[in-house]
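Load the model in your viewer and keep the selection tool handy. We will go from stop to stop, with a note on what to select each time.

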Amino acid sequence: LSHGCCCSTIYLNTLIEDHAHEVDIEDISGAEEAPPASEQQDEPAESDHSHTVLKISGSSAHMEYVFDAFMTLLNDGEKPELLPDAPEIRRTTLYNAGILTYGGWFGTLKQYMQWTSIAAAEMQAPCIGAAQMLLTDSIGMQTYLTRPGYDGFDLVRKQMQNSRGEATSSKQVKPISRGHVRISSEGVSITERKCFEKFTKFYPWLQIDCVMTDLNCFGGTLTAITEDGVKIQLWRAYLPGLGQWRMKEIADRIRDMKYGEPHDGDNPPRTFAGREGHKKACVLTDQSLVMVTSGWLCYRKSMVIDLDAVESVTEAPSRCCLCCEKGVLTISIKKEMQIDGQEDKEGIQPFEITLLMGEDAEEIRKDIMARVHARQTKE
């Protein structure tokens, strides 16, 4: 809402819905012959933008009422309520459904964002000057909050988490800090220092669909991958042994924070392609799939993938001879995530998991796809 002397304007940012599958009903009762090709006007080219801005102008008193009505309508008809015990942030009001900020001279500009529309939160703390928090919504618009404090930053992260209903664990796990990484039940925070500034980036669990551990003879890396294919390096071990053990601990904590205990689901976890408890075994739960691939010498890659990122599971031709025949499963991940299952081949390839002798590939395939469909329906 932009206030003026006697007139105010509301700018409503909205996403454009896809109506490609809708059927148009044509009225042929008064149909006329189509005009010649020379008289037909060219249709405007489709816009590449995924959102539009609606502009509503009127008197200041009326627009203030309309702005409050939009806040209520965005919250499914319920008026947003102030958050109790919320820290005081300059020119900012925190509600249970969203955040209201004031800008311009004497607060002439008001902006309201739903918690569900905020895609990322970032804390910037320069050596000189006031700290700022940057909020980015789903269509790329950015909002700065001055002097939010770490209590305000934690509250924003918690509200982003609660608005998406991401509380999956039956018990709260205490947040842990390892170097520049802070892992909590709301998501992962990465702190970076550049010159005289400190940046803290927060990624909610809803955006992270895969956590990959890449081990080799000289250490390894721990990487989180979002649903859009953005790779976030959480940890790097330069020496084997202690560095790799700490990196594995962080990966296990992330799995516990995001998915909770494996036995919390309706179905018990299933182990295949290895003995239960073995470091190379794959584990399937109602929410995630743990896959392990091995290479030369001490190279090993393990990953925890959200089931809603699995596209398909097929049964591949068996390996070995008839006397020791082993089934093979081909697991395809969403192309947008850019996870390559076979690095020795060109392009993004699916993962190939070799099962143990006696394991039924078709039964395991059906079990994985049944849990995938249940997870995607729940999401």
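Through how many residues does a hairpin join S17 to S18? Three residues make that connection. Bear in mind on this tour that you are looking at a predicted model.

**Stop 1: the hairpin and its strands**

Select S17 (282-284) and S18 (288-294). The two strands pair in the antiparallel sense, with two bridges between them. Pick leucine 284 and you will find its bridge partner in S18, leucine 289. Now colour S18 by accessibility: six of its seven residues are buried, so the strand is mostly covered. Next, add S19 (300-306) to the selection. S18 and S19 run antiparallel and are joined by seven bridges. Methionine 291 is a good place to look, with methionine 303 as its bridge partner in S19.

**Stop 2: the whole sheet**

Widen the view to the open sheet of seven strands, and follow the order S15-S14-S13-S19-S18-S17-S16. The pairing is antiparallel. At the edges sit S15 (231-237) and S16 (270-272), each of which pairs on one side only. From one strand to the next, the twist averages 15°. If you show side chains here, a general point helps: in a regular strand they alternate between the two faces of the sheet.

**Stop 3: threonine 226**

Move to S14 (residues 219-226) and select threonine 226. Is this residue buried or exposed? Threonine 226 is buried, because its relative accessible area of 6% falls under the 20% cut-off. Setting aside residues up to four places away in sequence, threonine 226 touches Gln207, Ile208, Asp209, Ile232 and Met337. While you are here, show the bridges between S14 and S15: there are six, in the antiparallel sense. Isoleucine 225, for example, has lysine 231 as its bridge partner in S15.

**Stop 4: the helix across the sheet**

Select H4 (residues 361-378), which lies across S16, S17 and S19. Relative to S16, the helix runs at about 135°. Just before you leave, click on aspartate 360, in the loop between S22 and H4. Its relative accessible area is 40%, so aspartate 360 counts as partly exposed. Try a distance label from aspartate 360 to valine 328: the two are 32 residues apart in sequence, and their C-alpha atoms are 9.7 Å apart in space.

**Stop 5: the nonpolar cores**

Which residues have the most contacts inside the largest nonpolar core? They are Phe272 and Ile333, in a core of 28 residues. Elements that give two or more residues to this core include S13 (208-216), S20 (310-319), S21 (326-333) and S22 (351-354). H4 supplies the largest share, five residues. There is also a second, separate core of 20 residues, and Val181, Val211, Ile232 and Met257 are among its members.

Now centre on phenylalanine 272 and list its contacts beyond four places in sequence. They are Ala281, Cys282, Leu284, Leu289, Ile353, Leu355, Glu359, Ile364 and Ile368.

**Stop 6: lysine 280**

Select lysine 280, in the loop between S16 and S17. With 39% relative accessibility, lysine 280 counts as partly exposed. Leaving out neighbours within four places in sequence, its contacts are Ala273, Val292, Ser294 and Arg300. Serine 302 is 22 residues from lysine 280 in sequence, with 8.3 Å between their C-alpha atoms.

**Stop 7: helix H1**

Jump to H1 (residues 60-74) and place a distance label between its end C-alpha atoms. The label should read 21 Å, which agrees with the 21 Å expected for 15 residues at 1.5 Å a residue. Within H1, the buried residues are Ser60, Met63, Phe67, Met71 and Thr72. Just after the helix, aspartate 76 takes a positive phi of about 60°.

**Last stop: confidence**

Finish by colouring the model by pLDDT. The protein averages 77, and 79% of the residues score at least 70. Select residues 19-49, where pLDDT stays under 50 and the model has three contacts beyond four places in sequence. Residues 167-171 also stay under 50, and there the model has ten such contacts. Where pLDDT is low, the predicted coordinates should not be read in detail.

Methods. Residues numbered from 1 in each chain as written. Predicted model: local features only at pLDDT ≥ 70, side-chain atom pairs only at ≥ 80, totals over all residues. Heavy atoms only, no water. Helix = DSSP H or I, 4+ residues; strand = E, 2+ residues; numbered from the N terminus. Buried < 20%, exposed > 50% of the residue type's maximum accessible area, 1.4 Å probe, protein only. Contact = heavy atoms within 4.5 Å. Pairing = 2+ DSSP bridges. Axes fitted to C-alpha atoms, helices over the stretch in contact; angles between N-to-C directions. Core = buried A, V, L, I, M, F, W, Y, C linked by side-chain atoms within 4.5 Å. pLDDT = per-residue confidence, 0-100. Expected span 1.5 Å × (residues − 1).
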